[in-house]
Structure formats: C-alpha cells, structure tokens
Amino acid sequence: ILVITATPTGFPHSNPVLMAILTTFFCLGPALLYGVWTATAPRSGADYVWNSRAFHPWVGFAANFAAVSWFILGNGFLAWDVANDALPTAFYIVGHAFHSSTVIGWGATVSGKNWAFAIGIVVLVLSAVGCGLGMRRTVRLMTILLALTVAGVILSLLILLFHSHHDFVNAVAQNGGNYNKILADGAQAGYQTGHYSLGVTLLSMPPLYLALGYSVASAYAGGELRTARTTGLWGPMGAVIIAGLLIIFKIG
C-alpha cells in the first residue's frame with residue numbers, strides 16, 4: 001500500500017500500471033528459484049546452505065551477513081516511515097472522519113524526530129520478542145497479521161469499486177480541501193500526469209519488487225511445511241501472482 005501511494009510522488013513520470021505488471025513478472029524468477037530450492041532441500045536453512053553448497057562457504061557467509069545487516073538497517077527506515085508517513089496519515093484521516101482535533105494533533109506530534117527514534121526502539125524490541133516466540137507461534141501471529149492486511153486491501157478495493165471520482169472530489173471538499181487547487185499545486189511543483197517515461201517507470205520498480213520479493217521468505221520456514229515439495233514450490237509463485245494482480249487492479 002505504501003508503494004502504491006508513494007510511487008506517484010517519488011516517480012511522477014512513471015506509469016504505475018506498467019510498473020506493477022513488469023515488477024510482478026520479474027518477481028516470478030526469484031520466486032521460482034527459491035521454490036525449486038525449497039522443494040529440493042526443504043530443511044537446509046535456505047540461503048546460507050544453498051550458497052555454500054552451490055558456490056563456496058564464504059559466499060554463503062557473505063550473502064547471509066549482508067542480508068542480516070540490511071534487515072537491521074531496514075528497521076531504521078521502517079521506523080522513519082511509520083513515524084513520518086503511516087501514523088500521521090492514519091491519525092489525520094481518523095481525526096477528520098470523527099471530527100477530533102486531538103487525534104489530528106497526534107498526527108503532527110508523532111512525526112517528530114524523537115518519535116521516530118522511539119518507534120525504532122519499539123520495532124527492534126518487537127522483533128526480538130518475535131524471534132523468541134518459536135516458529136509455530138510466529139506463524140500464528142503472521143497469519144493474523146496477514147488476515148488483517150488482506151481484509152484492509154479488500155476493503156479499500158471495494159471502496160474504490162463502489163465510489164465514483166465525483167464522490168472522491170466531494171469527500172476532499174467536505175474535509176476542507178480543494179481538489180482542483182491540489183492538482184494545480186501539484187503541477188506547479190513538477191508533478192504532471194499523462195506524460196510517462198519508460199526509463200522512470202523502470203526506476204520506480206525496486207520498491208514494489210522489494211515488497212513482492214518477500215514471498216521467498218517461506219523458504220526459511222521450509223522445515224515447517226508439511227508438503228514442502230509442492231507448497232514450497234508453488235507458494236512463493238502463487239503469492240507473487242495474487243499480490244501482483246491485486247496491486248495492478250488497485251492501481252488501474
């Protein structure tokens with residue numbers, strides 16, 4: 001969802017539909033690779049063992065050391081993104097919906113630098129707690145979070161399906177905005193629609209590629225799959241296809 005909302009502003013000359021189609025297609029390659037490895041050696045431990053056996057133990061160490069390092073550093077970006085994008089937006093929307101100036105004020109407060117640092121600490125603590133839950137409890141927790149995420153995506157799709165562009169313009173006006181002025185200000189700031197660049201479209205692929213690419217994470221839990229030779233193979237592929245189609249449909 002963050003990719004869908006951030007791509008038009010970060011890459012104003014990108015074609016988001018073409019970007020989503022190309023990214024979904026290219027993500028099928030890694031998903032197939034990890035799926036075949038999982039089906040072949042489901043209890044091997046994924047990247048480290050695969051790289052060690054296919055190339056050299058030092059390659060396996062280097063690859064996994066780099067991955068863990070980037071995951072840790074990624075928590076810093078996650079904390080910043082939650083504090084500066086997700087939570088303020090959520091508070092503003094809920095505050096305006098329920099006419100609560102207090103909740104709207106939370107949106108301005110939480111975007112402060114100290115809040116980003118505090119949220120980063122919470123993310124790290126929750127990550128550590130999650131690592132201590134054990135595989136079965138972690139899978140249950142992830143299932144609940146996945147269900148909530150899918151429910152939110154489906155709800156947003158239904159809202160877009162049953163509300164017209166005119167309804168959206170009226171909603172902006174009811175919340176104190178001017179739809180035409182927003183478009184004019186955006187154009188003046190450099191954001192224009194209707195003029196797409198293939199180069200910019202290709203440059204806008206990595207954020208969505210990262211999101212869909214996490215479908216390969218099931219390989220790390222390959223030992224917990226009851227039917228690794230089938231589920232391990234088709235699970236990542238199915239995840240990329242389903243998520244990719246939902247994103248393409250939502251953007252389109």
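## Asp185 and its salt bridge

In this predicted model, Asp185 is partly exposed, its relative accessible area being 36%, a value that falls between the 20% under which a residue counts as buried and the 50% over which a residue counts as exposed. Asp185 is the partner of Lys181 in a salt bridge whose closest N and O atoms lie 2.9 Å apart, and the count of salt bridges comes to one.

Both residues belong to helix 9 (residues 179-188), and because Lys181 and Asp185 are four residues apart there, about one helical turn separates them. An α-helix has 3.6 residues a turn, so residues three or four places apart point the same way.

## Helix 4

Helix 4, which covers residues 57-97, contains 41 residues, and from its first C-alpha to its last it reaches 56 Å, close to the 60 Å expected at 1.5 Å a residue. Helix 4 nevertheless carries a kink of about 45°, centred on Val82. Just after helix 4, His99 adopts a positive phi of about 55°.

The buried residues in helix 4 include Asp81 and Ala83, which lie on either side of the kink centre at Val82, and also Gly60, Asn75, Ala79, Pro88 and Gly95.

## Nonpolar cores

The largest nonpolar core is made up of twelve residues, namely Val3, Met19, Ala20, Cys27, Ala31, Met205, Leu208, Leu212, Met237, Val240, Ile247 and Ile248. At least two residues of this core come from each of helix 2 (16-40), helix 11 (205-213) and helix 12. A second, separate core has six residues, among them Ala79, Ala83, Val110 and Ile119; Ala79 and Ala83 are also among the buried residues of helix 4.

## Thr24 and Ile248

Thr24 is located in helix 2 and is buried, because its relative accessible area of 11% is under the 20% limit. Leaving aside residues up to four places away in sequence, Thr24 touches Leu212, Val240, Gly244 and Ile248, and of these contacts Leu212, Val240 and Ile248 are members of the largest nonpolar core. With the same exclusion of residues up to four places away in sequence, Ile248 touches Ala20, Ile21 and Thr24.

## Ala239

Ala239 is placed in helix 12, which spans residues 228-251, and it is partly exposed, with a relative accessible area of 36%. Between Ala239 and Phe11, which are 228 residues apart along the chain, the C-alpha atoms are separated by 26 Å.

Notes
Residues are numbered from 1 along each chain as its sequence is written. This is a predicted model: local features need pLDDT of at least 70, side-chain atom pairs count only at pLDDT 80 or more; totals for chains, interfaces and linings use all residues. Side-chain values use heavy atoms; hydrogens and water are left out. The expected span of a helix is 1.5 Å times one less than its number of residues. The bend at a residue is the angle between axes fitted to the seven residues ending there and the seven starting there. Buried means under 20% relative accessible area, exposed over 50%, partly exposed in between (1.4 Å probe, protein chains only). A salt bridge is a side-chain nitrogen of Lys or Arg within 4 Å of a carboxyl oxygen of Asp or Glu. A nonpolar core is a set of buried Ala, Val, Leu, Ile, Met, Phe, Trp, Tyr and Cys residues joined through side-chain atoms within 4.5 Å. Contact means heavy atoms within 4.5 Å.
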